[in-house]
Amino acid sequence: MIKAVVVSISGIVQGVGYRPFIHRTAIKYKVNGFVANKGGEVFIHAEGDEASVEAFLDFIMQNYPSGANILSIQAMDDKPMGAGKFEIMDSMEDNQSAVGIPVDMGMCDDCANDMSNPESRYYKYPLTSCTKCGPRLTIVRKLPYDRCNTAMEPFQLCSECEAEFKNPADRRYHAQTICCPHCGPEIKLTDRSGNVIGGDPFENAGEMLKKGMILGVKGIGGYHIICDAKNSEAVLNLRERKKREYKPLAVMFKDIDAAEKHCNISSYEREILLNQQKPIVLLSRKNTSDLSEMVNPGLKKLGAMLPYSGVHYLLFDAQIEALVATSGNISGLPLVTGDEDAKEYIGGVVDAFIMHNREIVTPCDDSVVSVIDGQMHMIRRARGYAPIPIILRKARSLVLACGSDFKNTFCMAKNGRAYVSQHIGDFDRYETLQVQKEIKAGYESLLNFKPELAACDMHPDYRTTQYAEGLGIPVIRVQHHHAHIASVLAENDYEQEAIGVALDGTGYGNDGTVWGGEFLIASLDGYERVGHFKNAAMPGGEAAALETWRMAGAYLHDAYGEEMHDLGIRCIEELKSKNWEVLLRSTQTGLNSLKTSSAGRLFDAVSAILGICFRNGYEGQAAAELEAIADSGVSDIYGFDITENEPLTVDFNRTIKGIVTDLKSGAGLGRISGKFHNTVAGVVLEMCMIIRKKRNLDVVALSGGVFQNRLLLEKVLRALKQEEFIVMTNSAVPCNDGGISLGQAAIAARKELGTNGSL
Ligand code: ZN
Ligand code: ZN
Ligand code: FE
């Protein structure tokens, strides 16, 4: 008997070689019919004798191409159509279906081999790709993912490329990005104004790098600024020109062996470095590494990645082991993608450019991940990961969540899925806002999305808040730390209440103070603030987030009063030189009375009290340097106090006094830092124990930017698990503000709109 089925597969299924894979499978199992891209899904009609169709279904339920990320496979019986063969059909338009936007994939080994094989027609052609690799999100204008809808559209296939495109046995069969030196985009080396430099572009570029020159290189999602990572003069020069004093720079290693020479790499970290997404992985640098100290000053952590575009592979032909590869922008401005913009914005930073004429449709930075306690944690979610959707159960409305003003991402919720955009940037710059509008317009077209409901932060001055308010649709304002915790609940698909611990830098509280050391009882439907760090003065307001000595002064004054001036530690000298007394009086008279429960500011204060860092040259510098020097083997802990009544308030005065006493008695900074990390972990544990007892909850959700601190997160996880708490963390989205949009969307999507579209 002839059996017929239709199958629809959703997720990341287009641009990963799914149709050729289905075609090969159909031929193997002797079934007829067709496969097509439909909207964002793969759609299959298969028919044949019953056993063959069953075997075919079994196989495709359990196997898929390497780049695919499957959300669902649905199969239903259908009427036979008398097909005589199995074919790949052109794409079918369908705007209603749930969509998977394809993600960018690093060059596969086969393509890299083609590029290094003098016999291959792709020899030294860096823009080659196949169904298993190459750019996707960054070149697609609309779905379905077909060449005519991508930046490859202007490049007509030559006869050889066309033959490969049509040959089912070829790796580039139906590869929408197929191209070669004859028909594809061209590579050129230019000076900083865009004038072409003759000769072999990569040989010349290699020579320049060896001389310590700085190059702007067009990659997949934007330009990189690169130089030899072993040449301190070049690295310093790059920092100076890019106006990036201390912030660590990412390093691209020639290959995994080179990375292993300079960094300690676990087997899981190795796997992530080598995977197709090719993210930056935060590794610990070996003491023997001879990379320039200016790559990651004051830190052990090093952001490392491997080459992922053909251009990178060819650059490493020049006997270079490691390149600084940092985003192509001037500090604070958006990533440069256009060739004209490159000349205008980073022409002054670089000595030369490697360009090509394949347009970057959507900017996408490198993703950054960190492995903590055996699990991958996203620090910056962008190339290769965004916008793989996250399942949102009970999503009732179409939500646009506008995210935070810092590390901005937005999130669109549709048909039970949340699409979090790639990392966009900070909205203190007007240019970032413009870029965000363009990226958002792109997503709206790719997802055929029109929001019914907006979500945003509660901060009245956030540009994202103002944007949401201006949309003319109902707006849900979500408290910042509720959003952080909701992002954990959403990505762990947790529907109940949990103890939410948000250790964060800055978030708008609903009581006029700045929150950031928060203990909530939270679900996706609401929250209650059951505890927090005791409020500390923020002398000078927002300036206290930049200048850490201000918070040190506030904490020392709270602990010691006027006696602080006689402590005789270096931090006091620093405070005196800053005219601290005047500032102190202004906080006491209420002129300058902003208060904060922020955990980030506590870390800043301790870093300054120890004399490690008096000013955050980049976000989180003081805390990162405090973590970097910590002796992780220390098991002692400082004292602290928790009030008996709710909201439970944590007072760190005994901690501060303990730190000063240790400092004065000559205990090493590493020891004090380790002890301080133990104390914060101890506070989290103690608070969770108290809340568990009162409320009978033993599930804990951890989030907020302070948990990017690997040592702290490890200590907190260990402590909570030892006491048999069930602990959830962020993994797919960052625990920093990059994850806020998911939390906002998850909360808002549960609200049901009335028939007239209002809340
Ligand atoms: Zn490939
Ligand atoms: Zn060609
Ligand atoms: Fe935050």
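Donors are N, O and S atoms within 2.8 Å of the metal. The legends below describe close-up views of a predicted model.

**Figure 1. Four cysteine residues coordinate the zinc ion (ligand 2).** The donor residues of this zinc ion follow the spacing C-x2-C-x18-C-x2-C in sequence. They are Cys158, Cys161, Cys180 and Cys183, each contributing its SG atom, and the coordination distances run from 2.2 to 2.3 Å. The 4 donor atoms make angles of 104 to 119 degrees, and the site of the zinc ion (ligand 2) is tetrahedral. Cysteine 158 is placed in the loop between α3 (109–116) and α4 (159–166), while cysteine 183 belongs to the loop between α4 and β6 (187–191), so the pair ties together parts that are 25 residues apart in sequence. Cysteine 158 and cysteine 183 are both buried.

**Figure 2. Histidine and aspartate residues coordinate the iron ion (ligand 3).** Nitrogen donors come from His480 (NE2) and His484 (NE2). Oxygen donors come from Asp504, listed twice with OD, and from Asp737 (OD). The coordination distances for the iron ion (ligand 3) span 2.1 to 2.8 Å. Along the sequence, the donor residues have the spacing H-x3-H-x19-D-x232-D. Histidine 480 and histidine 484 both lie in helix α13 (residues 480–491); because they are 4 residues apart there, about one helical turn separates them. Both of these residues, histidine 480 and histidine 484, are buried.

**Figure 3. Lysine 407 contacts residues from other parts of the sequence.** Lysine 407 is found in the loop between β18 (399–401) and β19 (411–414). Its C-alpha atom is 4.7 Å from that of glycine 425, although lysine 407 and glycine 425 are 18 residues apart in sequence. Leaving aside residues up to four places away in sequence, lysine 407 touches His423, Gly425, Asp426, Glu619, Asn736, Asp737 and Gly738. One of these, Asp737, is also a donor residue of the iron ion (ligand 3).

**Figure 4. Helix α15 (residues 548–560) crosses helix α18 (residues 599–609).** Two packed helices are described by the angle between their axes and the distance between the axes. The axes of α15 and α18 come within 7 Å and cross at roughly 90 degrees. Angles of 65 to 115 degrees count as roughly perpendicular, and α15 and α18 are therefore roughly perpendicular to each other. On the side of α15, the contact involves Thr548, Trp549, Met551, Ala552, Tyr555 and Leu556. These residues meet Arg601, Leu602, Asp604, Ala605, Ala608 and Ile609 in α18. The residues of this contact comprise 9 nonpolar, 1 polar and 2 charged.

Definitions and conventions:
Residues numbered from 1 in each chain as written. Chains lettered and ligands numbered in written order. Predicted model: local features only at pLDDT ≥ 70, side-chain atom pairs only at ≥ 80, totals over all residues. Heavy atoms only, no water. Donors = N, O, S within 2.8 Å, 3.2 Å for Na, K, Ca; no water. Tetrahedral: all angles 85-135°; square planar, octahedral: opposite > 155°, others 65-115°. Helix = DSSP H or I, 4+ residues; strand = E, 2+ residues; numbered from the N terminus. Buried < 20%, exposed > 50% of the residue type's maximum accessible area, 1.4 Å probe, protein only. Axes fitted to C-alpha atoms, helices over the stretch in contact; angles between N-to-C directions. Parallel < 35°, antiparallel > 145°, perpendicular 65-115°, else oblique. Contact = heavy atoms within 4.5 Å. Nonpolar A, V, L, I, M, F, W, Y, C, P; charged D, E, K, R; others polar.
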